[in-house]
Amino acid sequence: LNVTDEKFVLDTLAGCIEYKSLLDVVVNAFFVRDGRYCLISERNLYIVICYLATFQLEELGLQHFSRIVKSLDTAKMQKFLRFFFNALYLNTWIKDEWSQFYDSLYVKENWIDPLLRWQPKVQQLIEQLTDILNNRTTTVKRSTVTQPKEFNLTVPKPRAIPIPLPMPLLEKRPPVPPSTYKPPKERKQLEEIKTKNRRKAEVLLLKANTNQFRCATMKPEKGEVCYKILYFLKIPQEVVPFLPQYFKAVWELVLRQYFAELQIDNIPIKLNAAAILREGALYQRKMEQELKRIENLLRGAGDPSEFLEWQKQMRGKDLEEQLTEIECRRLQGKLSHEEALLAHQTVIQENKKKADLMREEKADLMHQYAEKHLQEQKEMRELVEQVVEGHKNAKQAKIKLQKYKQQIVQEVCEENRELLRQALEEEEEKLRKRYELIQQIRAIESLPSLRHKFVDLTETGGHGLICEMSIVELRERLALLREAQKAAEEEKRDQIIHEKQAKEQLLLDKLDQISLFRAELGRAAALKQEEKKRKSQSGERPMKDERILNLQKKIVEKTMERKKQAGLL
């Protein structure tokens, strides 16, 4: 062997002996899992490949490592590399086993992390080996060897002396436009629109006051419909006269909806089982409550009708108080708006005074800044002259250093070329010899071996278990189980039919009960509507509260004061 080859072999032998405990963990696990059919005589081969992949892969490089792997048996190398470079195995049990011999942090940083970093590139090598096993031809792209070239260093040009920048002159600011101190035209336009809208609202209010609610002065045949609408919306009759006139359109929509519902109620609706049972339970609860009420009356309990009338009256009073409070809040909001406008006008006057003071201070500061800038410019000119003298001496030293570096680079490049050429020639001869040996071994191993085995369906497996049976016996037992399953399904089907018939009979009974209850409830509702017609009376509109009148007066005073200040501004 050459000196380099002898050194490489001795280093690998010494490394395999030094790290024998680590390599045995991986190789033993390979023989237990994926290499069960591999020869034990090839154990040393897997130990060497494991050592090179773990400790020498970065020094050899992927190209030399792939040549060594391809020179060996492809099937064995493909199995071992796929097992060893599995990311799950490296992160779990291999890491834990190696941590028993060395520190866990040292193992992770020096051995596990480099293997995980090389894993994608080695995966490409494994795919190439699988393609060779499947009789595929893969085109391997050989990386072009870089050929060093001489440095084409450019001579730097002498730096020019920087010209001092001219002094920045302040631009003349445009004067403040007079429109800032005048009220905008949009405000006048908004006020005109507000006055027009107010006049329209007053006209609509007069029309609404003249034309009262139609439901209050309706024909007798349409009175029943109005009371039904009030009952449908759950609004007490005492509140009707106090509602504002703006809800007229809403009432018309409600009337249309109610008439549409009256027409739809006559259509028969088909109920499902859940709806029938739910309605039957509801009527059953109502019947029980009615029986309890009658029992309480028989025992001497009182009638709650007086309490309900008192409750309606109190709700009407509460509604009147709520409407007055809402009106008061609206007027208070309007009053606060007027006060805010007055405060805004006073702030504008104060801002004008502050702006005049700021202009005077700004003129003084600009004068001081101009003087300071002149002094700084003089100091910068002196510094530029000193720096130019220092640059002249530094340029001569740089030129000498660049010439010396160029000579060293040329000598190193020539030596590297000769060494690389010799190494490539030696490697090509070794690979050619190994390839010939591999082809001979593969031809010997590719001889086929035939094996035949006949199966008898009436015999058992012969494993020595109590529950063993032949395939014929298994088929007979499965046929008996299917017959028993069909008989159970027929019994269950008959049971379901009986339950369904009982449920249908229950639903028919419930429907008869529901129809009786609906008829009785319809009669009771008609009687209640007739009683409500007799008791309904028209109420008078309430007078305005004193608080509302006082707030309206204050708003008028504030608007007059604001207009006076606007005229002064």
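Of the contacts in the protein between residues at least 6 apart in sequence, what percentage join residues at least 24 apart? The figure is 75%. Keep in mind while looking around that this is a predicted model.

**Overall picture**

Let's start with the whole chain. The secondary structure amounts to 15 helices and zero strands. The protein has 569 residues, and 18% of them are buried. Its exposed surface comes to about 47,900 Å², with carbon and sulfur atoms supplying 57% of that area.

**A covered helix**

Helix 6, spanning residues 74–84, is a good place to look for buried side chains: the helix is mostly covered, with eight of its 11 residues buried. Four aromatic or aliphatic names on that list are Phe80, Leu81, Phe83 and Phe84, and the buried set also includes Thr74, Lys76, Met77 and Gln78. Lys76 counts as buried because its relative accessible area is 18%, and the cut-off for buried is under 20%. This lysine also has a charged partner: Asp73 and Lys76 form a salt bridge whose closest N and O atoms are 3.9 Å apart. Asp73 itself is partly exposed, at 22% relative accessibility.

**Salt bridges**

Across the whole structure, a search finds 16 salt bridges. Three of the pairs are set out here, with the N to O distance for each.

| Acidic residue | Basic residue | N to O distance |
|---|---|---|
| Asp73 | Lys76 | 3.9 Å |
| Glu279 | Arg518 | 2.9 Å |
| Asp356 | Arg359 | 2.7 Å |

Take the middle row, where the side chains of Glu279 and Arg518 meet. This pair links distant parts of the chain, as Glu279 belongs to helix 12 (residues 273–299) and Arg518 to helix 14 (residues 471–535), 239 residues apart. Glu279 is buried, at 14% relative accessibility, whereas Arg518 is partly exposed, at 43%.

The last row is a local pair. Asp356 and Arg359 both lie in helix 13, three residues apart, which is about one turn of the helix. An α-helix has 3.6 residues a turn, so residues three or four places apart point the same way. Asp356 has a relative accessible area of 43% and is partly exposed; Arg359, at 41%, is partly exposed as well. Beyond its neighbours within four places in sequence, Arg359 is in contact with Val176 and Tyr181.

Salt bridges also join up elsewhere: Lys20, Asp24 and Arg43 are linked in a network of them.

**Surface patches**

Which residues gather in a patch of negative charge on the surface? They are Glu150, Glu411, Glu414, Glu415 and Glu418. Of these, Glu415 is found in helix 13, which covers residues 305–445. Glu415 counts as exposed because its relative accessibility is 53%, and the cut-off for exposed is over 50%.

A nonpolar patch is on the surface too, formed by Phe307, Leu308, Trp310 and Met314. Together these side chains offer about 410 Å² of accessible area. Phe307 is placed in helix 13, and its relative accessible area of 48% makes this phenylalanine partly exposed.

Helix 13 is therefore a handy element to follow from one topic to another, because it holds Phe307 of the nonpolar patch, the partly exposed Arg359 and the exposed Glu415.

Key
Residues are numbered from 1 along each chain as its sequence is written. This is a predicted model: local features need pLDDT of at least 70, side-chain atom pairs count only at pLDDT 80 or more; totals for chains, interfaces and linings use all residues. Side-chain values use heavy atoms; hydrogens and water are left out. Patches are made of residues with over 30% relative accessible area and no salt bridge: like charges are joined within 9 Å, nonpolar side chains (Val, Leu, Ile, Met, Phe, Trp, Tyr) within 5 Å. Accessible areas come from the Shrake-Rupley method with a 1.4 Å probe; for residues, only the protein chains shown count as cover. A salt bridge is a side-chain nitrogen of Lys or Arg within 4 Å of a carboxyl oxygen of Asp or Glu. Lys and Arg count as positive and Asp and Glu as negative; His and the chain ends are not counted. The place of a charge is taken as NZ of Lys, CZ of Arg, CG of Asp or CD of Glu. Helices (H or I, at least four residues) and strands (E, at least two) are DSSP runs, numbered from the N terminus. Buried means under 20% relative accessible area, exposed over 50%, partly exposed in between (1.4 Å probe, protein chains only). Contact means heavy atoms within 4.5 Å.
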